[in-house]
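Here is a quick walk through a multi-chain model, one piece at a time. Have the coordinates open as you read.

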Amino acid sequence: MTDRRSGAQVAEKPKTAFWNDRDVRAVLFQILIVLGVLAAGWYLVHNTLTNLESRKIATGFSFMEREAGFSIGESLVPYSAADTYARAIWAGIINTLVISVIGIFLATILGTVVGIARLSTNWLVARIASIYVEVLRNTPLLLQLFFWYALVSEALPGVREAIRIIPDYVFLSQKGLRIPHIVANDIHGWMFALFLGGFAATLFWRRAAAKHQEATGKLRPLFWPTVGFLFGPAALVWLFAGAPLELIKPVLRGFDFQGGGTFSPEMIALLVGLVTYTSTFIAENVRAGILSVSKGQWEAARALGLPNNRSLRLIILPQALRVIIPPMTSQYLNLTKNSSLAVAIGYPDLVSILNTTINQTGQGIEGVALIMAAYLTVSLSISGFMNWYNKRIALVER
Amino acid sequence: MSKMTFTFVNVLAAGAVALLAAGAAQAQGAGTLAAVKQRGAVNCGVNTSLPGFSSPDAQGNWTGMDVDTCKAIAASVLGDAKKVKYFPLNAQQRFAALQSGEIDLLARNTTWTQTRDTSLGLNFAPVTFFDGQGFMVSKKLGVKSAKELNGATVCVQPGTTTELNLADYFRANKMDFKPVVIQELSEVEAAFFAGRCDAYTTDSSGLASTRAARAANADDYVILPELISKEPLAPAVRQGDDEWYNIVFWTVTALVEAEELGITSKNADDMKKSDNPAVKRFLGVTPGMGKNLNLAEDWAYNAVKAVGNYGEVFERNVGKATPLKLDRGVNALWTKGGLQYAMPVR
Amino acid sequence: MTVQTTSAPIEKPPVTEVGAIGWLRANLFNSKSNSVLTIVCFAFIVYVIQAVVPWAFLNAVWTGTPKDCQAPGAGACWAVIGEKNRFTLFGRYTYDEQWRPALAIGLFLLLVGASCIRRLWGKALIWAWVGQVFMWAILMWGGVLGLTFVNHEQWGGLPLTLMMSVVAIVVAYPIGIVLALGRRSDMPAARGLCVAYIELIRGVPLISVLFMASVMIPLFFPEGVSVDKLLRAQIGFTLFLSAYLAEVVRAGLQAIPKGQYEAADALGLGYWAKMRLIVLPQALRLVIPPMVNSFISTFKDTSLVIIIGLVDLLNAGKIAVNDPPWRSFYVEMYIYIALIYFAFCFTMSKFSQRLERDLSKATSR
């Protein structure tokens, strides 16, 4: 009730009846609200408990320890029908995270490209980008998912007529994209170690280059040394060791290819749908961010003799990022939440698995609570991380 | 100022009340029977679309075996088979709808299992259709037996006993499979016919229904001989209302009893003149049976008159003359080697 | 020394700088890399056109049977739209009465059109909307004025989609304002509750809110009270949207300069008077464009009701095209539905952009 920011506190309070006192009324009002919410909550909980009791519906999370009994189409976690519900749900969480992480990564790249394309001085490029954005963001995501799924499952050939993207190694069919597995070799471990070492060396080189530039004003090359440090030693070791690379080829046997890894049609459709849809929103954020940088910055960069791509990278993007990051967070969150639409096209994400669990156990409340808890955790982590990043790149005002 | 406070609270309260009142249809009093009579209609939960069991045409008229169960109950309780309100439900919603009292009766090709009978708080009436889960595959694959399905991709709907039986069967036979689990029936069927899956599994009646109604060319698909489970499909009601349960139980029984007694929708009127005491009791010529159920004495007559006896219901919806072309098989009367056996109406 | 007494003849600008060629040079070929890009894009467009035009137009089957569509060389089967149009648009609504939802949509579009003209903004428009609600109820349900009664379980297609989104935004709007005020309030209890609600709802997917509405609402009420499926979905949407609207309104509240609050205090206005007379009118004006955007998302999100089994526009289209003879023409049906959604969303988003420009002009006098 009170607005203390008004701060018109008079030194001497005028005498009023206590029920007209602002502070007293604020307290009373809050007590009323809390009581009201508690009463409503109690009413609902009481009804629910009574109903559960009278309808003889089991409650509690003890079902998590029971055998799930259903299979999951694809899972990074080893899982079989003999495992518990808890493990099935865990597999679902991992699947959701996989889709979200890959989706966020691809959508960011695609969105940034499209956003920059919309601002291109090339009329044709800008037009194509804006048609892309308008079409995708003005139709429901679910419709797009159905469309992609139908396209993937109806337009692709059967396994026997699979498209050989790389003959003998990569196949695309109604049953998904099949890729070979790499057989692990000792050398690979060494290569990875060298790659990490190269990463450290790169950081060192970049820092030294920056210092050198500040001291002398001269640029040192960055791109090729980076590539060299990262991949050079690893590649050399690999070549000296006789280039050991053993691939398990997918082989058509029985109903499907055996061996190698798969991206299922459900996953492909879901990823394509989520990435293209979200990229339009990211593109708009990127565009708005770039437009928010004043024209003078471009002109100043040009006056310094920087070419277009360098002024974009060194001058404009760092400033635009401050505008881009906050709305980007909510797009990342949206993508993660939208991945729950997987249930419509059969990708076994968290919601899809809990949906099955709810059906099998009849315990809807627990199921919905688990869905909400899992997404809240993910959402809060993403927004926490993005807030931290946002603070890091925020303008430090002098 | 204090006025303001109360206005605000009032607004909140009024809003809450309005929200509740708007859709909360205050209905049932004590028992389901009283509620049905007061409403003048039976609220019946059915499948969204499963030709042969329950499916609506473009005008919204429902037909099918489960629909006939609803109609028979409306006829025996209200004397009019048209007094049914249909609630199309998907697998996930069906039990919640029954538990919450939204529907009086669930006639949605639901398998009678111990878990559902106990932990979901349901009571099942006699089985209207003895079914078993099977597989359908494309003829092109050349598969002759479910045992040959090792490594296959199988389309299945979630939230059903089907999904569990499928996993059990492959585990028991030490075979592998990949499930494609899609909730929407139309979507899962589309995925199968598109070739996304090698096999589609559900109750064999459902397979026949799907093949008849949805395949571009029904002859391209074959239903494998193995039945991997028992699926007794039965109507269900809530526990704790014995009066209503009795009505549903005995109305379903009455249709089978009518077939045993040779009463059909066509000859029901003539049969009233029969000397057979069992027929007289059944049709209410000798009073008593209706009173036991708190119904009118012509309850069974109305039910049979409206939908026919069990044999008629079967033949009309799923029998040889329909696209499903199902045999009576285990659903024949016990006197003919089947399992349909009516508890005596006496 | 000669003096030029006549002005030099006016030279035409070089052809490379003006006209079509100039435009081309400035916009398509202004640098080497751009020229390459242009050529690539042009090739892409040509490819798309030669792939799509014969299919969508030249070889398309506009009317006829599935047989005609399956004929060799036949392109898109638009006949499926003609055949299934009424089911897609109106779902299972009683066939002979479908002029009623059609009329209702017509009225709705008319009023939306009127609402886009800022000159007409005023009391009359609000009353027209209130009248519209009653017209919809009468037309859709019937049961009066000699119209036969049509149960809302039979509603479907476009009217259902429109109705769910409009009702959601109308009901969620006041709730959103209350939540936003609560979040900005000085009272810790009120603020805490509002923040908890807003963040909880915004942190979870819409689908889980719909699940909750569909699975849990039946358990919330005592025996005998039942809430039907449509209303449950509606409650779910409203709860969901109100949290998002709260954030939209909060942004508006934050944009009001502190001076306005202080001026209201100086006038001795109480909290509610201050909000009602000074702050909200300004804040709500500011947030009209983002509200339109929220409406667009809700309009698209209503398609999720397919998951709890309601027959909205998308679901009706899917059911329609599930008819075996027409099954293979799902792409045409999806395109048709996408076009309907696009027409609505695109118009609304263009309107919101224009409004944003107008409003910012008005405020930055």
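Let's start inside chain B, where 18 residues of domain 1 are in contact with 13 residues of domain 2; contact here means that the C-beta atoms of two residues, placed from the backbone, lie within 7 Å. On the domain 1 side of chain B, the residues touching domain 2 of chain B split into nine nonpolar, eight polar and one charged. For those classes, Ala, Val, Leu, Ile, Met, Phe, Trp, Tyr, Cys and Pro count as nonpolar, Asp, Glu, Lys and Arg as charged, and the others, Gly among them, as polar. Domain 1 of chain B covers 32-130 + 233-331, and domain 2 covers 133-229, with bounds that come from an automatic or database domain assignment. The C-alpha centres of these two domains of chain B are 29 Å apart.

A word on bookkeeping: this is a predicted model, in which local features need pLDDT of at least 70 and side-chain atom pairs count only at pLDDT 80 or more, while totals for chains, interfaces and linings use all residues. Residues are numbered from 1 along each chain as its sequence is written, and chains are lettered from A and ligands numbered from 1 in the order in which they are written.

Two residues of chain B have a positive phi without being glycine, and the table puts them side by side. In the last column, buried means 20 or more other C-beta atoms within 10 Å of the residue's own, exposed means 12 or fewer, and partly exposed is in between, with C-beta atoms placed from the backbone.

| Residue | Phi | Location in chain B | C-beta neighbours within 10 Å |
|---|---|---|---|
| B:Asn109 | near 20 degrees | loop between strand E6 (105-106) and helix H5 (114-118) | 29, buried |
| B:Lys325 | about 50 degrees | segment after helix H14 (310-317) | 13, partly exposed |

On to chain C, which has 15 helices and one strand; helices (H or I, at least four residues) and strands (E, at least two) are DSSP runs numbered from the N terminus. Its radius of gyration is 28 Å, well over the 21 Å that the globule rule gives for 365 residues, so chain C is more spread out than a compact globule. That radius is taken over C-alpha atoms, and the rule is 2.2 Å times the number of residues to the power 0.38. The C-alpha atoms of chain C fill a box of roughly 105 × 75 × 40 Å along the principal axes, and 38% of the 365 residues count as buried.

Chain C also meets chain A, in a contact that takes 47 residues from chain C and 51 residues from chain A. Several helices of chain C each supply at least two residues to its side, including H2 (32-58), H8 (188-203) and H15 (330-363). H15(C) gives the most, with nine residues. By class, the chain C side has 34 nonpolar, eight polar and five charged residues.

Finally, what is the strand order of the open four-stranded sheet in chain A? It runs E1-E2-E3-E8, with antiparallel pairing, where two strands pair if DSSP finds at least two bridges between them. Strands E1 (163-166) and E8 (261-263) of chain A stand at the edges with a single partner strand each, so one side of each is left without a neighbour in the sheet. Three bridges join E3 (residues 176-179) of chain A to E8(A), and A:Leu177 stands opposite A:Phe263 in E8(A).
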